[in-house]
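Student: I am new to this structure and should like to be guided through its pockets and its ligand. May we proceed by question and answer?

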Amino acid sequence: MPLSAHTRLVGLIGWPVGHSRSPTMHNAAFAALGLDWAYVPLPVAPPAHGDDAAARVRDAVLGLRALGLRGANVTVPYKQAVLPWLDTLTPAARAMGAVNLIVVEPDGALLGDNTDAAGFAADLQAHGVEASGKQALLLGAGGAARAVLFGLAQLGAAEVVVANRSLERAQALVAELQPRLPALALRATALAALDAAAQAPLVINSTSAGMAPQVDGLPWDEALGFAPGQVVYDLVYAPRQTRLLQLAQACGARPIGGLGMLVWQGALAFTRWTGHAAPVDVMRAAAEQAAPRA
Ligand code: NDP
């Protein structure tokens, strides 16, 4: 649908944003439903010439309301920096301490939400992976790891071992989140010192190892391999077939790439903004097209 004088706008706040699949995915969904909406990049460059980083983020967030946008997604590096400028946070955003979705309410109030955890949980469910009562091994302890832990808690997982290259970061994440996730037993370990946890039925990679352009990266000791029956979920979705997923496939384990998580968090945002059920298949096809196999 061509843009008009009535086009409703949403967009993506982050830096950089040029690589994002979200505009393609959402604009395909708007077109499929015949909605006069558009999703645009909203790059917020780092400060230069002494201007203030926090003030830039404030201007970007408050600008959504001033310019009549319906909302925005928020990505790296601003998922925490936007928090002070929002009027309300959903319980998910408050618990995670990070926002990936802003909704400008009809009265102008700015609502912060987080759909990363729900997107991860929805994708596991869409693949028929049962996490309830299970043990999982999570590689990585960054922002995405945080979302995965909340997603696993939502699905009723019993225990998660967090393995990170820097042990201190894994320990800090576990210490911070264990009190907020009392039903999930968390333990930290060093990625280089994986023990029996390597045999967990569900292994999730939330490190950026293997992500384009460093496609040779592998956050796993190749000699360990995987056992048939293990599910290996890689949040990295570019390339589609990471080295980790190739290894899982070769060992007879079940490989699942992270594009579905991106699609589901986008679908949840789409519905929050438009009030329409998201055309998930359209969004997935658009995201796949925008993420060529490397
Ligand atoms: P962060 O920068 O917050 O964290 C990066 C993590 O990767 C850290 O744990 C870091 O370990 C680890 N790491 C980086 N390089 C290596 C390496 N060579 N070997 C082992 N560990 C490594 O990034 P995010 O958590 O935000 O994102 C991580 C990945 O998840 C990215 O590829 C991102 O694209 C993907 N992602 C996918 C989503 C989806 O929808 N599918 C959603 C969000 C993220 P250390 O602490 O030791 O430095």
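Student: Which element gives the most to the lining of the largest pocket?

Tutor: The model under discussion is predicted. Strand S3 (71–74), H5, helix H6 (167–177) and H8 each supply at least two residues of that lining. With four residues, the element that gives the most to the lining of the largest pocket is H5.

Student: How much space lies in the largest pocket?

Tutor: The lining of this pocket comprises 49 residues, and those closest to its centre are Val76, Lys79, Gly143, Ala144 and Ser206. By class, the lining divides into 25 nonpolar, 18 polar and six charged residues. The space in the largest pocket amounts to about 1,600 Å³.

Student: In which pocket does the ligand sit?

Tutor: A molecule is assigned to a pocket if more than half of its atoms lie within 2 Å of the grid points of that pocket. By this criterion, the ligand sits in the largest pocket.

Student: Which elements give two or more residues to the shell around the ligand?

Tutor: The shell has ten nonpolar, nine polar and two charged residues. Of the 21 residues around the ligand, Ala144, Asn164, Arg165, Arg169 and Gly258 come nearest. The elements that contribute two or more residues to this shell are helix H5 (143–154) and helix H8 (259–274).

Student: Which residue has a side-chain N or O atom 2.9 Å from an oxygen atom of the ligand?

Tutor: Polar contacts to the ligand also involve the backbone: a polar backbone atom of Leu235 is 3.0 Å from a nitrogen atom of the ligand. A backbone N or O atom of Gly258 likewise lies 2.9 Å from a ligand nitrogen atom. The side-chain contact at 2.9 Å with a ligand oxygen atom belongs to Arg169.

Student: What percentage of the area that the ligand exposes when taken alone does the protein bury?

Tutor: The starting value is the area of the ligand taken alone, which is 940 Å². Of that area, the share buried by the protein is 75%.

Student: Which element supplies the largest share of the lining of the second largest pocket?

Tutor: The second largest pocket has a volume of about 270 Å³. Its lining consists of 18 residues, and His127, Arg240, Ile256, Gly257 and Leu259 lie nearest its centre. Two or more lining residues come from each of helix H4 (116–126), helix H7 (243–250), strand S12 (254–257), H8 and helix H9 (280–290). The largest share, three residues, comes from S12.

Student: How many charged residues are in the lining of the second largest pocket?

Tutor: The lining of the second largest pocket includes seven nonpolar and six polar residues. The number of charged residues is five.

Student: Which residue does a cis peptide bond join to Pro77?

Tutor: Most peptide bonds are trans. In this model, a cis peptide bond joins Trp15 and Pro16, with omega about -10°, and Pro16 is in the loop between strand S1 (8–14) and helix H1 (22–33). Pro77 lies in the loop between S3 and strand S4 (88–89). With omega about 5°, the residue joined to Pro77 by a cis peptide bond is Val76.

Note on methods
Residues are numbered from 1 along each chain as its sequence is written. This is a predicted model: local features need pLDDT of at least 70, side-chain atom pairs count only at pLDDT 80 or more; totals for chains, interfaces and linings use all residues. Side-chain values use heavy atoms; hydrogens and water are left out. A residue is near a molecule or strand if one of its heavy atoms lies within 4 Å of it. A polar contact is a pair of N or O atoms within 3.5 Å; within protein, one must be able to donate a hydrogen and the other to accept it, and residues adjacent in sequence count only if both atoms are side-chain atoms. Accessible areas come from the Shrake-Rupley method with a 1.4 Å probe; for residues, only the protein chains shown count as cover. On a 1 Å grid over the protein atoms alone, a cavity is a set of points where a 1.4 Å probe fits but cannot get out, and a pocket is an open set with protein on both sides within 12 Å along at least five of seven lines; lining residues have an atom within 4 Å of a point. Ala, Val, Leu, Ile, Met, Phe, Trp, Tyr, Cys and Pro count as nonpolar, Asp, Glu, Lys and Arg as charged, and the others, Gly among them, as polar. Grid points are joined across faces, edges and corners, and a volume is the space filled by probe spheres set on the points.
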